[in-house]
Amino acid sequence: MDLKALHYFTEVVNAGGFAKACHAAFVTQPALSKAIRLLEEELDMVLLERGKRGSQIRLTEAGQVVYRHASTLLEGRQLMITELDHLRNLSGGLLKLGLAPLGSAELFAPVIAKFRQLHPNVELQLLVRGGIEQTVALHKDEIELATGIIDFDDEFDGIRVRNDSMVVVLPSAHVLASKSILQLSELNLLAQVMFEPEYALYELVLEACAKAGFKPTNITRVSHADFGIALVAAGTGVMILPKIIAERYRVGAVVNIPLASEDLRWELSLFWRKQKHLSFAAQAMIALVKQHLSQLESET
């Protein structure tokens, strides 16, 4: 059933006749009469009682039913269009963003603040997830965009936000603390402070250590970088961290020594599922991230 025909029908009823309705509906009277006739033929019922020329039309019993439902349908259509306009213009809607526990504060807080400033009516849900949990949440549609360490493939696309070198955080009094650079193999037999397994960095460090010919055995696991560095300062072990994170939470009792390993780098990305249609809010967030990265490049 054509919504246009229902629109014409309600206009005729509201105007009380065809002559006035054709002006309100911006259509000729013959076209209007034809649309109503085709609607009656489709329903196989008379909807309007037509009197003499100039007299007001009257709804039949069937016409009353059609008018009631047509009004509801047309109102729903207008509400749908209005809501879609709100989404398109970012005057409404919802964006669920998954944030990696490591690095989000340093790299995404300025962009999120800018997004909130530009689009205050978009509801923003920020969900902190470990790297492994991010992809699971994307598959379940619990989030639309994610941040973390990932290789782009046929399933995921995204933006590389940061490619950072790694450092080894050591107690200031450690025997290796005076070195200008460290090989990963030099950490063999040393106790290590590492993130929990749900962090992507945990697996990256383990894989790099395996390539260097050893497996960390004395591990203390943490969920926060600042606590990990505090444990290093207390003598619990050493910790491999991205340079930007190590510098942010650095304390006086530790030193950060560059790690000589091109295989072990921290590449943080904003990513999403390729086959998933992105909302207007998600597209706006991606555009802001690109703009932010472009500004950072121009400043360096």
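These legends describe an overall view and several close-up views of one predicted model.

The model is predicted: local features need pLDDT of at least 70, side-chain atom pairs count only at pLDDT 80 or more, and totals for chains, interfaces and linings use all residues. Residues are numbered from 1 along each chain as its sequence is written, and side-chain values use heavy atoms, with hydrogens and water left out.

**View 1. The whole chain, with 11 helices and 12 strands.**
Helices (H or I, at least four residues) and strands (E, at least two) are DSSP runs, numbered from the N terminus. The radius of gyration is 32 Å, well over the 19 Å that the globule rule gives for 300 residues, so the chain is more spread out than a compact globule. That radius is taken over C-alpha atoms, and the globule rule is 2.2 Å times the number of residues to the power 0.38. The C-alpha trace spans about 105 × 35 × 30 Å along its principal axes. Of the 300 residues, 42% count as buried; buried means under 20% relative accessible area, exposed over 50%, and partly exposed in between (1.4 Å probe, protein chains only). The chain exposes about 16,400 Å², and carbon and sulfur atoms supply 52% of this area. Accessible areas come from the Shrake-Rupley method with a 1.4 Å probe; for residues, only the protein chains shown count as cover. Among contacts (heavy atoms within 4.5 Å) between residues at least 6 apart in sequence, 73% join residues at least 24 apart.

**View 2. L268 in strand β12.**
Strand β12 covers residues 266–273. L268 counts as buried because its relative accessibility is 1%. Leaving aside neighbours within four places in sequence, L268 is in contact with residues including A100, L102, L107, F108, I149, I159 and V161. S172 is 96 residues from L268 along the chain, and their C-alpha atoms are separated by 29 Å.

**View 3. Q192 in strand β8, with C209 among its contacts.**
Strand β8 covers residues 192–195. Q192 has 1% relative accessibility and therefore counts as buried. Not counting residues up to four places away in sequence, Q192 touches L187, V205, C209, F214, P216, N218, I219, T220, V238 and I240. C209 is also buried, at 0% relative accessibility. With a disulfide taken as a pair of cysteine sulfur atoms within 2.5 Å, the count comes to zero.

**View 4. A nonpolar surface patch made by M80, L84, L87 and F280.**
The patch has an area of about 340 Å². Patches are made of residues with over 30% relative accessible area and no salt bridge: like charges are joined within 9 Å, nonpolar side chains (Val, Leu, Ile, Met, Phe, Trp, Tyr) within 5 Å. A salt bridge is a side-chain nitrogen of Lys or Arg within 4 Å of a carboxyl oxygen of Asp or Glu. Helix α4 (residues 61–88) gives the largest share of the patch, three residues. F280 lies in helix α11 (residues 280–299) and is partly exposed, with a relative accessible area of 36%.

**View 5. Loop residues F26 and L189, each with a positive phi.**
Most residues other than glycine have a negative phi. F26 has a phi of about 55 degrees and lies in the loop between α2 (18–24) and α3 (29–43). At 77% relative accessibility, F26 counts as exposed. Phi of L189 is near 80 degrees, and L189 sits in the loop between β7 (166–171) and β8. L189 is exposed, with a relative accessible area of 80%.
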